[in-house]
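Readers who meet a protein chain for the first time may find it useful to begin with its overall form and then turn to particular side chains. The report below takes that order.

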Amino acid sequence: MRSRLKIGTPIFLASLNMRAGLVVISPLIPILKERFDLSTSAISLLAGIPIFCFAATSLIMGQVSRLGSSNRIIKWALTVLAIALTARTFTGLTGLYLFSFIMGISIAVMNYEMPAWVKENAPDSAGFMTGVYTTIMGVTAAVATAVSVPLAELNSLTWQMAMIPWIALAALVALYWWRKADAVSSKELSKPAHFWKSHAFRNPIAWALVLFFGLESMVYYATATWLPTILLTKDFSLRGGAIAVSVSGLVGSIVGLTVPHFVGKFADKRIFLVGASLLTAASFFALALQSGPICLLWLSLSNIGISICFPLSLMLAGTKTTTPEETRNMSTMMQSIGYVLSAMGPGLLGWFYESSSNWSTALFGIVALTMIQLVMGWIVGKPALIKTEKQE
């Protein structure tokens, strides 16, 4: 255990800011709307920009791979992230949008490289490594959600004050990687084939994994963006809603810590993928129907489902392939197409609301998406490898 923790320390630290910098905006939406006079569509665009970057970055991953090993690529991505978080906070409305784009690119590069890093540095501990770093992502996202409103109310900096801790953290982690990462591994991976030229592009199981990941991420980012606002209609204050989202996210992340390692022991993973998807759907259905403190239970159960599905989809990109190069290729396909879908999440949920003028009705749309995810989980959970090598 101690040895695995030591090996994984670089990516565990890198994962600290891979979701916090994104979700910290969500509880601040009412403040940002008033400060910059933003519409619901403008807020949806702001929330969606980084996620669209997650998909579009696949087009430049061939060039990014020329930087060398996963360690070197992640090191540079962390540096850009620190710069983007700083500039996004202190360059006005234009900078808020522009540097959200750059932030999204830096996080996207790490999204693609993390499974390849695990395959390269700890191939026999994929479940453990994936469980730990995705749990860290979830925990820091929960903390960011919980403290954002209190920090924004602390002084005249308002929403900018809520960003400062994550700027400092990003700078410290980038500094660590500049000093330490090159000593961890110097192995370089061959340049991956474009995923649309690979056998995976024609493999139905690979597409099921893409859709499972995309729908799970769509549900996560849609609800992460709007839940603090939705909870205002369910007898929560702005601060209370942020805390409820944070606590439920923390519960889900703790459960997600052990699941990949446990599930990795089973060749057939369908029961876990279907069960977690069904739990998520049922929880959002109940949340749509009820108000008050009971909502914390449904939020927690939905986050448990999401926190099981996310690391399992990342783990499957590695366990269904045989080499680090194949893992990077499958990860690129899964995340590039999957994040196109997930980027539509905040806007789609916002559209559901504007069409019905009722957040509870809008949540039924999330339930429908999760049921489609359930079907994809049944397909991708089968014990079969995905061939990703380049076609001749």
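What follows describes the fold, the interior, the charged pairs and a surface patch of this predicted model.

**Overall form**

The secondary structure of the chain consists of 15 helices and zero strands. Along the principal axes, the C-alpha atoms occupy a box of roughly 55 × 45 × 40 Å. The radius of gyration of the chain is 20 Å, which agrees with the value near 21 Å that a compact globule of 392 residues would have. Among contacts with a separation of 6 or more, 85% are between residues 24 or more positions apart.

**Interior and total surface**

Of the 392 residues, 61% count as buried. In soluble globular proteins, nonpolar side chains tend to be buried together. In this chain, the largest nonpolar core has 122 residues, and those with the most contacts inside this core are L32 and M330. Helix 10, which covers residues 204-230, gives the most to this core, with 17 residues. The chain as a whole exposes about 15,000 Å², of which carbon and sulfur atoms supply 67%.

**Charged pairs**

Side chains of opposite charge can pair when their charged atoms come close. The structure holds two salt bridges, and the table gives the N to O distance for each pair.

| Salt bridge | Distance, N to O |
|---|---|
| R239 and E153 | 2.3 Å |
| R270 and D268 | 2.5 Å |

The pair of R239 and E153 links distant parts of the chain, since the two residues are 86 residues apart, with R239 in helix 11 (residues 238-263) and E153 in the loop between helix 8 (126-152) and helix 9 (159-184). R239 is partly exposed, with a relative accessible area of 39%. In the other pair, R270 has a relative accessible area of 19% and therefore counts as buried, the cut-off being under 20%, whereas its partner D268, at 30% relative accessibility, counts as partly exposed.

**A nonpolar surface patch**

Which residues form a nonpolar patch on the surface? They are I243, V247, V251 and L296, which together have about 270 Å² of accessible area. Helix 11 gives the most to the nonpolar patch, with three residues, while L296 lies in helix 13, which spans residues 295-319. With a relative accessible area of 34%, L296 is partly exposed. Helix 11 thus appears in two of the topics treated here, as it holds R239 of a salt bridge and also contributes to the nonpolar patch.

Note on methods:
Residues numbered from 1 in each chain as written. Predicted model: local features only at pLDDT ≥ 70, side-chain atom pairs only at ≥ 80, totals over all residues. Heavy atoms only, no water. Core = buried A, V, L, I, M, F, W, Y, C linked by side-chain atoms within 4.5 Å. Buried < 20%, exposed > 50% of the residue type's maximum accessible area, 1.4 Å probe, protein only. Helix = DSSP H or I, 4+ residues; strand = E, 2+ residues; numbered from the N terminus. Salt bridge = Lys/Arg side-chain N within 4 Å of Asp/Glu carboxyl O. Patch = residues over 30% accessible without salt bridge, like charges linked within 9 Å, V, L, I, M, F, W, Y side chains within 5 Å. Areas by Shrake-Rupley, 256 points an atom, 1.4 Å probe, with all protein chains shown as cover. Rg over C-alpha atoms; globule rule 2.2 N^0.38 Å. Contact = heavy atoms within 4.5 Å.
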